[in-house]
Amino acid sequence: MTTFDDILEEAGKFGRSQKRVFGLLCLVSIPWAGIYVGIVFQGFTPEHWCRDARLEKLRERCGWGLQDTKTYSAPLVNTSGGLMHSKCETYNVDWNQTALVCQHPPANMTAASWKNTALTSCRDGWEFDYEGRSSFVTEFNLVCEDAWMVDLFQSAVNVGFLVGSIIIGYMADRFGRKISFLMSNLFNAITGILVAVSPNYIALLVFRTLYGLGVKGGWVAGYVLITELVGVEYRRTVGILYQMFFSIGILILPLVAYLISDWRWLQVAITAPYFGFLVYYWFIPESPRWLLSQKENGKAVTITKAIAKENKKTLSKNLETLTGDSEEISKVSVLDLVRTPKMRKYTLILMFNWFTSAVVYPGLIMRLGILGGNIYIDFLISGMVEFPAALLILFTIERIGRRVPFAMANIVSGAACLITAFIPESVFWLKTAVACMGRLGITMAFEMVVFVNTELYPTFIRNLGVSVCSTFCDIGGIVAPFLLYRLAVIWIELPLIIFGVLAFVAGGLVFMLPETRGVPLPETIDDIEHPYKYDLFVCLNIYLFTYLFYHSSTVSHWEVGRESDKNVFPMQILFPFKGPYFKHFVFL
């Protein structure tokens, strides 16, 4: 019987056809960046203070500016950043009853009278100093006691990610990768426009949640489709580069946001590419592997021939005997992930790492929106440091391994967050440089947790294991905005302390995982729990035979195991054993 991997040997494992599909699917990662962290621009909270309708009339008559009315309406209060004008309280003054004149300061309002004036909450809304930029925060007045609603806006899309990845994951297995990918993009296009035309906050929240349902699931369907079209040895590289296009989206987002200052039109710009992705119906194939799993061999053969033709290859194998990958079907349960000691340890560590990456990565990005600098330049610079992450991963994982780069990426990120928190604002360049190192580290960790997760679980439960662990990514995304914005009210650097501790712990836990470089993927839970059982038995037998053979007078002219000008005994012929951890035993 001929498998699809056998056919790819002739059709091309990563030829022109796969490269074309890969290039098209990579574009899907670009708008996802705008959905994932677009809140930095769409939910921007500008400088604000209480609006007083009566004082506003006086401002118009006297020709005052916004800062003048801010001085008269917003009292000075002590905050973690020093003495600042209150954002949520105003002087309880009836400006119609005062003899206020157009002076600076008013002659009848002394420092003592300001100090003794009672304060009250904002009665007439807020004044926003946003210099032409509008966000849903300014439109729906989501500040002060309603500020948590901004956090909920970001959490809502992560709830959509969580539910949608399950629904579309099922659809991809049931109805196919291509149709699920296209349907999710159609859904994204419709719900994205609904977000842009939301008449109120409740509608905005509902449509935002629906928006998330299709976005992540469609992205994952594209990921699965391209990895199933290429040869096994190209899957990891393709997966990392597919994620790297998310970083390109991070770079494009501030440029688009700078040109489009209205949050509704920015939402339309982010959503527009999903309409374009619908034309992929004519340009990308269904996964032949999925078709074979559904016994639709005829369609799989047709697509395989088209791939070979575009790659300018000739197929010699009999395609009529083409079959799917033979895998032993076992009953699997979520309990298998925690039933045995090592599986339980791996699962908990991976869950924590998924959660940490999903908290720290978007947290560092969203933090740019509350620092008060040039948000466009800061966002662009921080996005640039993500590109070396993919290159560092590709360079180190086959030379150093998985565990050390994965752990160090978390630890560097944690250290950078902690150090940044205590660098004074006066040393801005150093604070920015260290923060960028943290961004680089967590980007590496986020991209590595994906394939490390797949390498640690046995075949029969691998997909379930990755799905269960990655749900903590969405849980982290739900928690992250509340963790960032609410703690920043207490002290703006406090979220960095939390991020640093989480990343440090995650990095330390990674050292408790085994190295998987050069190790065959485990097939059973027993391979995980007792990795050395078979190898130790084989190695002891080899050692015993080698000792007896070496000291035998019959073969005294052989030098066992060392290359020289003498003959070398062909041990690999007598002992063709290859356990998953055999390479760890060395005999001289």
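A disulfide here is a pair of cysteine sulfur atoms within 2.5 Å. Keep that cut-off in mind, since cysteines come up early in this tour of a predicted model.

**Start with Cys-88 and Cys-144**

Select these two residues and show their side chains. Cys-88 and Cys-144 are joined by a disulfide, with 2.0 Å from S to S. The link connects distant parts of the chain, 56 residues apart: Cys-88 sits in the loop between strand 4 (82-85) and strand 5 (89-91), and Cys-144 in the loop between helix 8 (136-140) and helix 9. Turn the view to look along the S-S bond. The torsion there is about -100 degrees, so this disulfide is left-handed. Color by accessibility if you can: Cys-88 has a relative accessible area of 32%, which makes it partly exposed.

**Stay in the same loop**

Now pick out the backbone around Cys-144, in the loop between helix 8 and helix 9. What sign does phi of Cys-144 have? The value is positive, near 55 degrees, in a residue other than glycine. Most residues other than glycine have a negative phi. Add Asn-141 to your selection, because it is found in that loop between helix 8 and helix 9 as well. Asn-141 is not a glycine either, and its phi is positive too, at about 55 degrees. With 27% relative accessibility, Asn-141 counts as partly exposed.

**On to the other disulfide**

How many disulfides does a search of the whole structure find? The search turns up two. For the other link, select Cys-50 and Cys-122, which are joined with an S to S distance of 1.8 Å. The pair ties together parts that are 72 residues apart in sequence, since Cys-50 lies in strand 2 (residues 47-50) and Cys-122 in the loop between strand 6 (119-121) and strand 7 (126-129). This link is left-handed, with -60 degrees about the S-S bond. Are these cysteines buried or exposed? Both Cys-50 and Cys-122 are buried.

While you have cysteines on screen, look at a couple of others. Cys-436 is buried at a relative accessible area of 13%, and Cys-469 is buried at 0%.

**Out to the surface**

Switch on a surface and select Tyr-170, Phe-175, Ile-179, Met-183, Leu-186, Ile-190, Leu-194 and Val-197. Together they make a nonpolar surface patch of about 740 Å². Two elements give two or more residues to this patch: helix 9 (148-175) and helix 10 (177-196). Which of the elements gives the most? That is helix 10, with five residues. Zoom in on Tyr-170, which lies in helix 9. With a relative accessible area of 53%, Tyr-170 is exposed.

**From the patch to Pro-285**

Keep Ile-179 selected and add Pro-285. They are 106 residues apart along the chain, yet their C-alpha atoms are separated by 10.0 Å. You'll find Pro-285 in the loop between helix 13 and helix 14 (288-293). Pro-285 is buried, at 17% relative accessible area. What touches it, leaving aside neighbours within four places in sequence? Pro-285 is in contact with Val-21, Lys-178, Leu-225, Leu-229 and Ile-303.

**A stop at Gln-243**

Next, go to helix 12 (residues 235-259), where you'll find Gln-243. Gln-243 is buried, with a relative accessible area of 13%. Show Trp-219, Phe-446, Glu-447 and Val-450 around it: Gln-243 contacts these four residues when its neighbours within four places in sequence are left aside.

**Color by confidence**

Now color the model by pLDDT. The mean for the protein is 81, and 81% of residues reach 70 or more. Compare two elements: helix 13 (residues 263-276) has the highest mean pLDDT, 96, while helix 25 (residues 571-574) has the lowest, 42. Then select residues 553-588. Their pLDDT stays under 50, and the model has 56 contacts beyond four places in sequence for them.

**Zoom all the way out**

Finally, show the whole protein as a cartoon. There are 25 helices and eight strands to scroll through. Of the 588 residues, 49% are buried. Among contacts with a separation of 6 or more, 80% involve residues 24 or more positions apart. Put the surface back on for a last look: the protein exposes about 28,000 Å², and carbon and sulfur atoms supply 64% of that.

Methods:
Residues are numbered from 1 along each chain as its sequence is written. Side-chain values use heavy atoms; hydrogens and water are left out. Patches are made of residues with over 30% relative accessible area and no salt bridge: like charges are joined within 9 Å, nonpolar side chains (Val, Leu, Ile, Met, Phe, Trp, Tyr) within 5 Å. Accessible areas come from the Shrake-Rupley method with a 1.4 Å probe; for residues, only the protein chains shown count as cover. A salt bridge is a side-chain nitrogen of Lys or Arg within 4 Å of a carboxyl oxygen of Asp or Glu. Helices (H or I, at least four residues) and strands (E, at least two) are DSSP runs, numbered from the N terminus. Buried means under 20% relative accessible area, exposed over 50%, partly exposed in between (1.4 Å probe, protein chains only). Contact means heavy atoms within 4.5 Å. pLDDT is the predictor's confidence in each residue, from 0 to 100.
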